[in-house]
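This report considers a ligand shell, one helix and two loop residues. The sequence and structure are shown first.

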Amino acid sequence: MILSEAGNWDPPSLLVLTGSRYPQRNQRELDFTLRDYGKKEGVELGSLMILGPVTMAAIHDAVRLRKPVMDRYIAVGGSAVRNPQIMKVRVGTRVGDIFAECGGFIKSPRRIAAGSPLLGQAIVDLDEPITKTSYGLFAVLEGQKAGNAPGTCIGCGECRNVCPIGLDPEEFYKASSVSRNHQEEPSYARAAECHGCRCCDVVCPSRLPLSTAISALVREY
Ligand code: SF4
Ligand code: SF4
C-alpha cells in the first residue's frame, strides 16, 4: 500500500479490554492475553504486531498529517513529582525542564529514571534530552534501599504467586546459584519464557536478583 492510500485506509477494529494488571503492557503478556481471548471467543487474530499508543499516534501523524516524529507523549510521575501528568514534549527537551513544568519536586527525589517504574533506566543528569523512544519519566522519594545485600531464600513463594506466566523464579534462581548438576536441572525451556517484567524481584523479601539470574541461566543454556 502506498502512503497516499494508507492515509485513507480505515482498518477494521475490535476493542478488547484486557485489564490493567502489571505487566499487562508487556508485549509478550499482551500476546498471551489476546491469543487467549481469541481462543475463548472463536476470533482468528492471525499474526500480531503490538504497538503502543504513542507509536500509534506517531504513525497517525506521519501517514495522515505527513508530519515527522518531533514530539513525544511522556507520562511524568512518581511520589516526588508535584503535579504528575501526561505531556506532549518536543524531542530533545531537557528532562529537568519537564519536571519543572510539572511543578518541580516535593522533596529531593531518591531516584529518577526514564521508562517504566520497574524497568526504567536511571537518569543521573537532568540535562539529558527526551529522545524519540522516550515514553515515561518518574522520580520517587522512597524506593528499595540500594546497596542492601541479598539475603537467602525463605521459601515464602511470593515470586511464584506474582509471576504473570506461572514460572517458579525461586527454582531457577537456585539452579543458577548452585554448582551445576545436570541431572537436577529444571526445564530451561520454561526459563526462556521469562519476559523480564521483574515482578518477582520486587516482591522478594530477601531482595534476591531473580530475573537477572534467570536471564543469565537462559544465556548459558
Ligand atoms: S521476571 Fe520474574 S515475574 Fe517476570 S516473567 Fe520472569 S520470572 Fe516471571
Ligand atoms: S520471593 Fe524470594 S524468598 Fe520468597 S520464595 Fe521467592 S526467592 Fe525465595
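## Local features of the predicted model

Tyr135 is partly exposed, with a relative accessible area of 31%. The model discussed here is predicted. Tyr135 belongs to the loop that runs between strand S4 (121-122) and strand S5 (136-140). Although 62 residues separate Tyr135 from Tyr73 in sequence, their C-alpha atoms are 6.3 Å apart in space.

A second loop residue, Ser206, lies between helix H8 (199-203) and helix H9 (210-220). Ser206 has a relative accessibility of 10%; because buried means under 20%, Ser206 counts as buried. The side chain of Ser206 reaches the backbone oxygen of Thr152 at 2.7 Å. Ser206 is also one of the residues around ligand 2.

The two loop residues are set out below.

| Residue | Loop | Relative accessible area | State |
|---|---|---|---|
| Tyr135 | S4 (121-122) to S5 (136-140) | 31% | partly exposed |
| Ser206 | H8 (199-203) to H9 (210-220) | 10% | buried |

The residues around ligand 2 include Cys153, Cys156, Cys159 and Cys204, together with Glu170, Pro205, Leu208 and Leu210. By class, this shell has eight nonpolar, three polar and one charged residues.

Helix H3 covers residues 53-64, which makes 12 residues. From first C-alpha to last, H3 reaches 16 Å, close to the 16 Å expected at 1.5 Å a residue. Val54, Ala58, Asp61 and Val63 are buried in H3. An α-helix has 3.6 residues a turn, so residues three or four places apart point the same way. Just after H3, Arg66 adopts a positive phi of about 55°.

Note on methods. Residues are numbered from 1 along each chain as its sequence is written. Chains are lettered from A and ligands numbered from 1 in the order in which they are written. This is a predicted model: local features need pLDDT of at least 70, side-chain atom pairs count only at pLDDT 80 or more; totals for chains, interfaces and linings use all residues. Side-chain values use heavy atoms; hydrogens and water are left out. A residue is near a molecule or strand if one of its heavy atoms lies within 4 Å of it. Ala, Val, Leu, Ile, Met, Phe, Trp, Tyr, Cys and Pro count as nonpolar, Asp, Glu, Lys and Arg as charged, and the others, Gly among them, as polar. Helices (H or I, at least four residues) and strands (E, at least two) are DSSP runs, numbered from the N terminus. The expected span of a helix is 1.5 Å times one less than its number of residues. Buried means under 20% relative accessible area, exposed over 50%, partly exposed in between (1.4 Å probe, protein chains only). A polar contact is a pair of N or O atoms within 3.5 Å; within protein, one must be able to donate a hydrogen and the other to accept it, and residues adjacent in sequence count only if both atoms are side-chain atoms.
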